[in-house]
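Here are some exercises to work through at your own pace. Try each task before you read its solution.

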Amino acid sequence: MVALVTGFTIAEPAFLSARSAVFILQSVAITGILALGVTATLVVGGFDLSIGAVATSALMLSAYTMVIWDLGAVEAVVFCLAMGALVGLINGLLIVKMKVPDLLATLGMMFLLMGLQRIPTEGNSISTGMSLPDGSSATGVFAPGFLMLGRHRLDFILEDLIPLSVVFLLVIAFLVWGFLELTRHGRIMYAIGSNPNAAALAGINVARYRVLAYVISGTLASFGGILLAARLGRGDVASGNNLLLDAVAAALIGFAVLGAARPNAFGTAIGALFVGILLQGLTMLNAPYYTQDFIKGFVLVVALVFTFALSGRGGRALH
Amino acid sequence: MVALVTGFTIAEPAFLSARSAVFILQSVAITGILALGVTATLVVGGFDLSIGAVATSALMLSAYTMVIWDLGAVEAVVFCLAMGALVGLINGLLIVKMKVPDLLATLGMMFLLMGLQRIPTEGNSISTGMSLPDGSSATGVFAPGFLMLGRHRLDFILEDLIPLSVVFLLVIAFLVWGFLELTRHGRIMYAIGSNPNAAALAGINVARYRVLAYVISGTLASFGGILLAARLGRGDVASGNNLLLDAVAAALIGFAVLGAARPNAFGTAIGALFVGILLQGLTMLNAPYYTQDFIKGFVLVVALVFTFALSGRGGRALH
Amino acid sequence: MTRSFARNHVLRGINLTLPAGAITVLMGTNGAGKSTLVKILCGVQGADSGTITLDGQPFTPASPAAALRAGVVTVHQSINDGVAADLDITSNLLLDDLASRSGSFLNGRKMRDKARAIAAAVGLKADVSRPVRELSLADRQLVSIARAMSHRPRLLILDEPTSSLSAAEAGQLFTLLDRLRSEGVAILYISHRMSDIRRLADRIVSMRDGQISGLFEGSPPDYAGAVRAMLGHEINSSDIQIPAPGPAVLSAKALQLRAESRPFDLSLHENEVVVITGLVGSGKTELAGILYGLRRPHAGDLCLDGAPYQPRDPGEAVRKGVCLSARDRRMNAVIPDFDITRNITLPFLGRHSGLLALLRPGSERATSTRMIREMGVVCQGPKDSILTLSGGNQQKVMVARWLAEASRLLILDEPFQGVDIQARRDIARHIRASAARRATLVLCAEIDEALEIADRILVMSEQSLGAGHRNENIDLARLMAEVTASAAGQAA
Amino acid sequence: EGAPAPFDTPGDVKIALVRYLSTGDFFQAYLSGVEKQSAALGVNLQVFDSRQDAALQADMVDQAIALGVDGIIIQHGLTESMKEAAQRAVDAGIKVVAFDVNVENTAIPQVEQSDRDLARLALEQAIRDQGETWTAGYVYVPGIAPLDRRDETWKEFKAKYPGITEKAMFGTMDNPIANSVANQARAVLTANPDIQVIFAPYDEFAKGAKIAVDEAGMSGDVAIYSADISTADIALMREEGSGWKATAATNPAVVGEVSVRTLARLLAGEEVGAQVIVPPTLITQGELNDLNISNMEELGAKMPAFVHAEVSVSPWMKLPER
Ligand SMILES: Nc1ncnc2c1ncn2[C@@H]1O[C@H](COP(=O)(O)OP(=O)(O)OP(=O)(O)O)[C@@H](O)[C@H]1O
Ligand SMILES: Nc1ncnc2c1ncn2[C@@H]1O[C@H](COP(=O)(O)OP(=O)(O)OP(=O)(O)O)[C@@H](O)[C@H]1O
Ligand SMILES: [Mg+2]
Ligand SMILES: [Mg+2]
């Protein structure tokens, strides 16, 4: 990563500035938060494919709450987080109680949400003034407090330097890291990921912790969706297409960070940052979008080979 | 599934006709073939996220071969299959030799290919008459033999009834099924998926079979790409994400078919068919696309719950 | 108490009392229902009918956590159910503690201190911050035992705890059990090993076909009677007739397993069953690995039927007729998704397939029915899923896998792991009976077991082989001395 | 020679293109137009590609501001997310032009390809060919701004010509779009064999519809009208017996050129007005066949209206070579 930063700085001096660093953080804030959720499910040996859809559902729901029901920022945030937690709960119960394999359950949930989020508006984006089925037009607006979540910047050294979303990313990354590494709940979740049988026999309520992991993942995804909505200022149905893949990439790269060879929050944050730096640097160098994909893939593969082959650690297979 | 067919037939009598059945098969031919490849990797306990990108790369490569290099159908097919096999081989070696976890390796490969396939044409689609960097325009055309692969129809009872792509799907499904269920190699692959350690100690070359699974997956994905190219008649830049998701959905639904609770080719074919019937039926009934996603997800979840919860089989977790 | 799985009535009216301050040994044939009984006592499964009382109070544990809270602590039969391999030893030793404690934050130093104390109590020497993944099987077993011991249990249940421990560690375990007994803990000890039972038992309960078939108290309890009650008949004696060995199949010259170990020679003959015994960690499995192409020796040459033999991988070894039935069946042998037939035919699928590698189900079925009959596997049929078999029967299937086809050299690493006395005799008899046209090498840590099968016994210590003993009027004391002498040497 | 400041030293002028959409021929052609016109003017172009991530697109505007560019072209995006970012750029003294996105800012002229005109031209041709009474299939995915604008025109036409019955509406953005739409269209045609016209106001949709019509063996019975054009589309329209009758299109490369020229005029201090509209051209199957046009170059050569729009041109400007 140091090599990356140096390289880009030489090629484009503007790369290394406080503002540039903040851009990078801001651009990875949303994927980073989603990736931290995925990490929680990876830790208990699961996987959550529905996060992208949860985020876009939260985006639509918050817009619906404010624009069509004409409610405030607090309600919008509460509804979205509740929706995310509920989806996570359903995912968890499907997996734990109904014994549906994790990839299957969350894939189903993904399709379900992708459809569901468009039904209330018949596939239209939500924005102030849109016409409603009853012929009137929507009068609600995005609450300024809500928009601040995604747009407000704090003064820090430079004026207007640090966007709130970056603060959220850092706080959440720190919380998730602390939860997984420092509390007994986190340790128990790692034990479940490593050997669910042994964990159950040691008196751990495995089902409850697995559900918890999906609830965390769903809630964080919906929070990501809230930030997205706050930045867009409208319920745009097409946004958020790449969220899932980028979040998964970040979480998986996180595996490899520091030779941990296991899912971990610190690694995930670094993984998200890594992808962010790469893409920002390439953009500054005027690389067209397709070379960005190529280089992202290439660097990912090379990094992986270095981590896994050269460190000689097989790492556990993903589950 | 019987219920589905009956339901749609009542709502829309045109649903139940030989032609309707055939075009459902045709619409699932490409995802079905991809899904069969995924199944091969699922069987050895792996996963291939790169299939969508392999398919779109094959689409671009075949167009490049015929339109820009002005070569024939045979070369195009050979190049594409070789490319698919090569990508599968690299995936396999990354996973087996470099010990990179499967999801990670194939995710990296996916990004890499998504970029790579666009570099030669700088992100443009390929079609006859397109202008080349040297200023001339491309003179090659899609060979009629190549287009036939995606468009030709065989007479069977009715004239022009069965498209070649459907024949390919059926033949490939049958071959993959036979390979996995009836041959020694398939048996060995299931053993590896169930307990790779034990398989290795039984004298099986686990690495070789795992690589083989990825080669099969890559080759089938590239074949799917060939059919796509033949149907579209041009080298379309498109992301293969939806192909990936649909193929994965089909393969995962296949888990549940007949209560097998393990990856199997027959189930995968049924899974692909199921999704196809659902979507075609809904389209005929004029359901908007977002309800299709919703219903796809809903039916998936309900089917899964029935299979896993009610049959009482936990099924093995995905790995 | 009763319990059934579908139409298989596993427990058919069990009445059992476990007094405080005594070790009750539970003996029973494979599949008698011992592990099932344990699972009910510790809250993993429910009973279909019947009641349990603990200290006079009704006791129906709904979950393992509930059982633990009530003071019922269990070490399960399958070692891999005991540890989370990706976590460090500390977390593993405190796993149930983590589950039950209040408060959220971990205190790393305090945890490590506590873990060290627990580990020291059972003589586990590894650094507690190492991941369990890096530990040997024996040490993993010690981790689960240590965790159970740390609990001040009311009732301690041990399901075949010594199946992967050698004498030294087992001795340490026994001392600990003595102490708990004197503290008034009720102990239920399940084992197939006579030596354990002789050392520990205050009472012996025999179990057969899901029923208690005998209770033997008094000191010492009546072993012969207990075995008879367990089997329902007299045990047939194992008298070894040593045949004349045939030509050498495998010979090793100046084989050196590691740089620091002493080179040795080894020659294995047709029609001969050789047992290598020795402490855990003495290098038996390493030797097997070399013969089977899993690793290279440090130095030395191998010859198979007179030709140089340097297998690169197990595949090549099998092709050349060298087969290995690996120890630790759950990890290294059982294919959990397969039925019995498919588990048996796996290594020799080439024999059961014809044109285009197509399998011939008839041929597979014939082989598996033959092997099930010959090995006496207790099951409903060849299509049973392997996981529904009891441990001992799974083990029979794993051995049957390699006996199903002829081989030049058959290596069996701990083939009797978790197998009851009768089954052990059956397997041994079958191995001996089929040994004429190959060389057979058996690795086992238990001398009792060695005596039941061997023509010749070799002792391994510190990755090197000592002299051989013909299995005729063996001087047991000397043999034991050789085995433990090396332990002294190791300690020095 | 004679160029106003800052174009007397064009090498010092830096402009940025901030894109929302990039995958696909239209966007690629647009980019090439931007690149060619920038090169002709001799200015430095920096391309930011947000790949349909509206939040990122706003960041990229900030990034361009931080890089100290002189002008910014915003290509597509969402009003709500771009409004503030665009305002920040204007506040920083940067000239901004928006293409196909309304950023609600009087200082920012809008370049438009007039989606309503596109749809109107195609539908008028349909009325000319098919009369005022027909049954239609309509391909539409709501929530995508240009399609929504084209949809408005379709609704007007349905109101104006009550003889038009919409039998089915379908559409999807699942990639590859043509393939997914073809699957849907097959189902629709099976259920409604009486459909005479498919209105597919986006060439990927039209391509999918054409595949389905061919596969159903209905090319003689169903006429397709669309918007947008590419070399591959020309080939499809000219196929023997093709049902794809007409399309209305602006040349995306021309739109790109116009965007850059508009920005250049702003930088040179000229007045450009609030809206710069690039007029579309109707292209029919008959014209393509009569003029024997087989790719975009020939289309430009033989239908000059298509290759250059006399919009936003100042005398001092160099135009890209052709
Ligand atoms: N989940 C299950 N489903 C069906 N049958 C089962 C299941 N678990 C155990 N059994 C059956 O219950 C019987 C008793 O098994 P159990 O594991 O209790 O035997 P055991 O006495 O512990 O034998 P061993 O000495 O081999 O460990 C066996 O016949 C076994 O096949
Ligand atoms: N290649 C190696 N290098 C260093 N140490 C090794 C190597 N292979 C094994 N060991 C260690 O050497 C010891 C001997 O292992 P081995 O499994 O061969 O013993 P064993 O006599 O077969 O005992 P057991 O009764 O457990 O089978 C073990 O502690 C093992 O962890
Ligand atoms: Mg047992
Ligand atoms: Mg060993």
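Buried area is the accessible area (1.4 Å probe) that two parts lose on being put together, summed over both. The model is predicted, so local features need pLDDT of at least 70 and side-chain atom pairs pLDDT 80 or more, while totals for chains, interfaces and linings use all residues. Residues are numbered from 1 along each chain as its sequence is written, chains are lettered from A and ligands numbered from 1 in the order in which they are written, and side-chain values use heavy atoms, with hydrogens and water left out.

**Exercise 1. Describe the contact between chains A and B.**

Step 1: start with the pairs of chains. Contact means heavy atoms within 4.5 Å. There are 5 pairs of chains in contact, and chains A and B share the most contacts. By contrast, no contact joins chain C and chain D, whose closest C-alpha atoms lie 37 Å apart.

Step 2: count the residues. Chain A gives 46 residues to its contact with chain B, and chain B gives 48.

Step 3: turn to area. The size of an interface is often given as the accessible area lost when the parts come together. Here chains A and B bury about 4,300 Å² between them, with 83% of it on carbon and sulfur atoms. On the chain B side, Leu104(B), Phe111(B) and Tyr290(B) lose the most area to chain A, together 16% of what that side buries.

**Exercise 2. Work out how the two domains of chain C meet.**

Step 1: find the bounds. An automatic or database domain assignment divides chain C into domain 1 (2-231) and domain 2 (248-491).

Step 2: place them. Their C-alpha centres lie 29 Å apart.

Step 3: look at the join. In chain C, 23 residues of domain 1 are in contact with 21 residues of domain 2. These two domains of chain C bury about 1,700 Å² between them, 53% of it on carbon and sulfur atoms.

**Exercise 3. Build up the surroundings of ligand 1.**

Step 1: collect the shell, taking residues with a heavy atom within 4 Å of the ligand. Ligand 1 has 19 such residues, and the closest are Asn30(C), Lys34(C), Ser35(C), Thr36(C) and Thr388(C).

Step 2: trace where they come from. Domain 1 and domain 2 of chain C each supply at least three residues of the shell around ligand 1. Using DSSP runs (helices H or I, at least four residues; strands E, at least two; numbered from the N terminus), the largest share, 3 residues, comes from α1(C).

Step 3: check polar contacts, meaning pairs of N or O atoms within 3.5 Å. An oxygen atom of ligand 1 lies 2.7 Å from a polar backbone atom of Lys34(C), and one lies 3.1 Å from a side-chain N or O atom of His192(C). By the Shrake-Rupley method with a 1.4 Å probe, the protein covers 81% of the 640 Å² of accessible area that ligand 1 has on its own.

**Exercise 4. Do likewise for ligand 2.**

Step 1: list the neighbours. Among the residues around ligand 2 are Arg258(C), Ser282(C), Lys284(C) and Arg295(C).

Step 2: read the distances. The side chain of Arg258(C) has an N or O atom 2.4 Å from an oxygen atom of ligand 2. For Ser282(C), a backbone N or O atom lies 2.8 Å from an oxygen atom of ligand 2. A polar side-chain atom of Arg295(C) is 3.0 Å from a nitrogen atom of ligand 2.

Step 3: find the cover. The protein covers 61% of the 630 Å² of accessible area that ligand 2 has on its own.

Conventions: Polar contact = N/O pair within 3.5 Å; in protein donor to acceptor, adjacent residues only side chain to side chain.
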